[in-house]
Amino acid sequence: MTPIAGAAERGPSSHAAASGTLEEPQVRAMFDRIAKVYDVMNSVMTAGLHHRWRERAMDLAAVGPGSKVLDVATGTGDLAIEAARRVGPTGEVIGSDFSEEMLAGARRKQTPIPIPFEWGNALELGYETDRFDAATVGFGARNFSDLDQGLREMTRVVKPGGRVVVLEITTPQKPPLSTFYEAWFDKLVPLLGRFDEAYTYLPASVKRFPGPHDLAAKLAGAGLEHVRYLVTAGGIIAIHVGEKPAPAGGPG
Ligand SMILES: C[S@@+](CC[C@H](N)C(=O)[O-])C[C@H]1O[C@@H](n2cnc3c(N)ncnc32)[C@H](O)[C@@H]1O
């Protein structure tokens, strides 16, 4: 999740932050700026629950010993590390992101197997088609400047039968969390926007992002089948999964 950052001047992009849409250079600069506090704020804002959500996301990715996994927009690498626990020494996990500072945070971590944390743009992945058993993204898809393109790229790099998993914050529909969410996201967090546009951007980007039903349609639109999702944590977290179909005329 996008954490709260330290004080910074409001830039010309404040308006874009308020609408929840930032251009790629602004997204990258924002994550470079908040990278050092990202993990702490993640744990504070989710009361440590994000680890559990990552486990559930990786359950849906259905990866096990020997699997090859790409974690897109990996940030400080926690979802990639969860994948690494599961694939073991015979598997492979790559974490990719376009923020050097976030990647630096990932590279400082101890990992169960060596994980290359590589610079890469999710909208133009530098990996061959059909290379991975699963491609995952945690709290990153909301920041893609072109969500459909990001989903298409994740679909491209997984093998037929492989899975694409999207773990993301969503807007709760029912009380009590919808009430709490409104107070927190609509009133308190935007007040902090005077210190850093990340505060303004976080709630706005969640609101702008497609709800679970629409996101499922986007996964299908990217070419995935058997798309399903679960909503957890009282309705604030959605985890989507879809499978890449076998080529027409091929086995399965
Ligand atoms: C909220 S953080 C999530 C980090 C991590 N996946 C996690 O689960 O904590 C979003 C990350 O997405 C990355 N990101 C956003 N758009 C990207 C893109 N087009 N290509 C690569 N990384 C991107 C940012 O640099 C940032 O590290």
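Which residue in S7 does Leu167 stand opposite? In this predicted model, the residue facing Leu167 is Ile239 in S7. That pair belongs to a longer meeting of two strands: S5, covering residues 158-169, and S7, covering residues 237-243, run antiparallel and are joined by seven bridges.

Stepping back from this pair, the sheet can be followed strand by strand. Seven strands make up an open sheet with mixed pairing, and their order is S3-S2-S1-S4-S5-S7-S6. The edges are taken by S3 (117-119) and S6 (225-232); each has a single partner strand, so one side of each is left without a neighbour in the sheet. With direction ignored, neighbouring strands of this sheet are turned by 20° against each other on average. A helix also rests here: H9, residues 212-221, packs on the sheet and touches S5, S6 and S7, and its direction makes about 20° with that of S7.

At one edge of the sheet, S6 pairs with S7 in the antiparallel sense, over six bridges. Within this pairing, Thr232 has Ile237 in S7 as its bridge partner. The hairpin of S6 and S7 has four residues between the strands, and Ala233 in this hairpin takes a positive phi near 55°.

The helices can be read in pairs. Two packed helices are described by the angle between their axes and the distance between the axes. For H6 (residues 147-157) and H9, the axes come within 9 Å and cross at roughly 50°. This angle makes H6 oblique to H9, and the crossing of H6 past H9 is right-handed. The residues that meet are Leu147, Asp148 and Leu151 from H6 and Lys218, Leu219 and Gly221 from H9. Sorted by class, this contact of H6 with H9 holds three nonpolar residues, one polar residue and two charged residues.

A second pair is formed by H3 (residues 50-61) and H4, whose axes lie 10 Å apart and which pack at an angle of about 55°. H3 and H4 are therefore oblique to each other, and their crossing is right-handed. On the H3 side, Arg54, Glu55, Ala57 and Met58 take part, and they meet Asp78, Leu79, Glu82, Ala83 and Arg86 in H4. The contact of H3 with H4 comprises five charged residues, four nonpolar residues and no polar ones.

What angle do the axes of H2 and H5 make where they cross? The axes of H2 and H5 (residues 100-107) cross at roughly 25° and come within 7 Å. An angle under 35 degrees counts as roughly parallel, and H2 is therefore roughly parallel to H5. H2 contributes Phe31, Asp32, Ala35, Tyr38 and Asp39 to the contact, while H5 contributes Glu100, Glu101, Met102, Ala104 and Gly105. Among the residues of the contact of H2 with H5, five are nonpolar, four are charged and one is polar.

Finally, there is the ligand to consider. It is surrounded by 22 residues, and the closest are Ala73, Gly75, Ser99, Ala122 and Gly138. Two helices already met above return here: H2 (24-46) and H4 (78-87) each supply at least two residues of the shell around the ligand. H2 gives the most to this shell, with three residues. By class, the shell around the ligand has 11 nonpolar, eight polar and three charged residues.

Methods. Residues numbered from 1 in each chain as written. Predicted model: local features only at pLDDT ≥ 70, side-chain atom pairs only at ≥ 80, totals over all residues. Near = placed C-beta within 6 Å. Nonpolar A, V, L, I, M, F, W, Y, C, P; charged D, E, K, R; others polar. Pairing = 2+ DSSP bridges. Axes fitted to C-alpha atoms, helices over the stretch in contact; angles between N-to-C directions. Contact = placed C-beta atoms within 7 Å. Parallel < 35°, antiparallel > 145°, perpendicular 65-115°, else oblique. Left-handed = near helix turned anticlockwise from the far one by under 90°.
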